[in-house]
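Hi,

Here is the structure I promised to pass on. Have a look at it first, and my notes follow underneath.

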Amino acid sequence: MALDFKHASLVEGIRFTAQVGVPNVLQGLFRKRPGVVSTVGRLPADALAYRLVAGLASSYGPDPFWVRVGGDEALLLTHPEDIETVLGGSPSPFASDPEAKRKGMTAFQPTALTISRGDLWTDRRAFAEAVLQTGSPLHSLAETFASVAAAEADGLLAGGDLSFQAINASFQRLTRRVVLGADAADDNALTDALGELMAAGNKMPGEPAEGYDAFHARLAAYVAAPDASALTGLIAGAPSTDETDVPGQLIHWLFAMGDTLPTNLYRALALLSAHPEALARVRAEADAAGSGTGTVEAVAGSAYLAGCILEAMRLWPTTALFGRVQAEEVRWKNGQKTPAGTQLLIHNLFNHRNRERVPYADQFAPEEWSEGSAGDDWSFNFFSHGPQGCPGAGMSIFLGQAFLGRLLAQATPRITRGTTLDAEKPLPYGWDVYTATIALDPVD
Ligand code: HEM
């Protein structure tokens, strides 16, 4: 007879909703609310969430188990094999458009790849992979990406102590330049408009927010006047149909490169400020590769520096929790069948730090990516995994390598405000970017 998966208790469900589900909603699912994120950082809600899920996993794991989130029960996945089943089977039978995500994203990107299913997903995915050149060791526009990233790094070096707001503004400009072209570099109003639409998404309206059509039209105008040195210049050569909605696909690229990436890079700088040996390795790697010369091969080859960025994402995932919903009935390997509509949750914050599985759980360990097997581990899903994994992962890392490589050749980061980090102690479960400042001390 088929076994049912275990169920966490009602009280545990209430705690899970309060400590894991609700904080994720309060922080803003799509546009983080700085004040709230900072309060959550102080609580420390992330540590409480980790402890709660660790307790549940030890009582009910390692198989998936049911836990209440609000009024519904969802299956929480903590074993890498189950995560592989689900993410390896996305978008079908495991669709990536659970109701809350679909309702929220519809406000600012109603035709987004990540909430598309079936043929529509295949169509839009082919377009995204062609332009982003997913999986390619070096993007055909890598030269431009590297020089734009280096210019932004130089600009920040001249600006004194580095706040998150400063690095974010810099990456918003970089993003407009890389995605839309030189003419868009100073189009701050476009970024502001997207911010407002995303804020509307937090309320999960289920329909495009006011101003969406005008925003879409602005993007369409950039697409209609492509820049050969930007991603718009590659659109004509990429597969698309009447269903693709090309301008609508660019929206995800804009916020992922403009918000998510600098958050991770700022945290990588914080980690390097507390790990001088790692910083020395970053510089030694750069010297050995002659990356002072700035060749794109040297940038892309800085594997240890890439490991530093990947560790920032593992330790403090910008996507703390994400989910799937079954598009059809699924039979699991224990014989259990779960019906269409079943919600599945992947709690990155716990899985990335699971001390039972990850020997270096609470340490900064870039070498696990550059020399170890972290890259093959389905426990680590800051970029997700499988057919629906982030198609911009390679580009993100390359931009990060180009930017940080340039910055670290000239400056040594030092946290001057915000949570301090101690390499001798387990690293905290969160590192709030909004309350921090990082000094960039010139290298002699
Ligand atoms: C550090 C930066 C980034 C992080 C941490 C990140 C993370 C993720 C994650 C976790 C997902 C899966 C979401 C889910 O299934 O619910 C995803 C999907 C996606 N990402 Fe990224 N991303 C980053 C940068 C980028 C960039 C720069 C681009 C484009 C230029 C991009 C484009 C996309 C797209 C289009 C999807 C949807 C894929 C699909 O559904 O098939 N991302 N990303």
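**Around the ligand**

Three helices, α6 (118-132), α11 (246-274) and α17 (393-410), each put at least two residues into the shell around the ligand. Keep in mind while you read that this is a predicted model. Which helix gives the largest share of that shell? That would be α11, with 7 residues. There are 26 residues around the ligand, and the ones that come nearest are Trp-253, Ala-256, Ser-384, Cys-390 and Gly-392. Sorted by class, the shell has 14 nonpolar, 11 polar and 1 charged residues.

Ser-384 deserves a second look. This residue sits in the loop between α16 (367-370) and α17, and its phi is positive, near 60 degrees, even though it is a residue other than glycine. Most residues other than glycine have a negative phi. Is Ser-384 buried or exposed? It counts as buried, because 20 other C-beta atoms lie within 10 Å, and 20 or more is what the label asks for.

**What packs on α17**

α17 turns up again as a partner of other helices, so I'll take those contacts in turn.

Start with α7 (residues 142-157). Its axis and that of α17 come within 8 Å and cross at roughly 40 degrees, which makes α7 oblique to α17. The crossing is right-handed. On the α7 side the contact includes Ala-142, Phe-145, Ala-146, Ala-149 and Ala-150, and on the α17 side Phe-398, Leu-399, Ala-402 and Phe-403 are among the residues involved. Charged residues take part too, including Glu-152 and Asp-154 of α7 and Arg-406 of α17. In total, the residues of this contact divide into 13 nonpolar, 1 polar and 3 charged.

If you want one residue of α7 to click on, try Ala-153, which is found in that helix. Ala-153 is buried, since it has 23 other C-beta atoms within 10 Å. Which residues does it touch, leaving aside its neighbours within four places in sequence? Those contacts are Phe-403, Arg-406 and Leu-407. Gly-135 is another story: it is 18 residues from Ala-153 along the chain, and their C-alpha atoms are separated by 26 Å.

Next is α11, the helix with the largest share of the ligand shell. The axes of α11 and α17 come within 11 Å and cross at roughly 50 degrees, so α11 is oblique to α17. This crossing is right-handed. Met-257, Leu-261, Leu-265 and Ala-268 of α11 meet Ser-396, Leu-399, Gly-400, Phe-403 and Leu-404 of α17. By class that contact has 7 nonpolar, 2 polar and no charged residues.

Then there is α12 (residues 276-289), whose axis comes within 10 Å of the α17 axis and crosses it at roughly 105 degrees. The two helices are therefore roughly perpendicular to each other. Here Leu-279, Val-282, Arg-283 and Ala-286 of α12 meet Gly-405, Leu-408 and Ala-409 of α17. The classes are 5 nonpolar, 1 polar and 1 charged.

**Backbone details**

Most peptide bonds are trans. The bond from Gly-61 to Pro-62 is cis, with omega near 0 degrees, and Pro-62 lies in the loop between α3 (45-60) and β1 (65-69). Another cis bond runs from Ser-92 to Pro-93, with omega near 10 degrees. Pro-93 has its place in the loop between α4 and β3 (94-95).

Gln-133 also has a positive phi, about 55 degrees, although it is not a glycine. You'll find Gln-133 in the loop between α6 and α7. It counts as partly exposed because it has 19 C-beta neighbours inside 10 Å, and buried starts at 20.

Last, a proline within a helix: Pro-80 lies in α4 (residues 80-88). Pro-80 is partly exposed, with 19 other C-beta atoms within 10 Å. Beyond its neighbours within four places in sequence, Pro-80 is in contact with Asp-377, Trp-378 and Ser-379. Ala-142, by contrast, is 62 residues from Pro-80 in sequence and 33 Å from it in space, C-alpha to C-alpha.

Cheers

Conventions
Residues numbered from 1 in each chain as written. Predicted model: local features only at pLDDT ≥ 70, side-chain atom pairs only at ≥ 80, totals over all residues. Near = placed C-beta within 6 Å. Helix = DSSP H or I, 4+ residues; strand = E, 2+ residues; numbered from the N terminus. Nonpolar A, V, L, I, M, F, W, Y, C, P; charged D, E, K, R; others polar. Buried ≥ 20, exposed ≤ 12 C-beta atoms within 10 Å, placed from the backbone. Contact = placed C-beta atoms within 7 Å. Axes fitted to C-alpha atoms, helices over the stretch in contact; angles between N-to-C directions. Parallel < 35°, antiparallel > 145°, perpendicular 65-115°, else oblique. Left-handed = near helix turned anticlockwise from the far one by under 90°.
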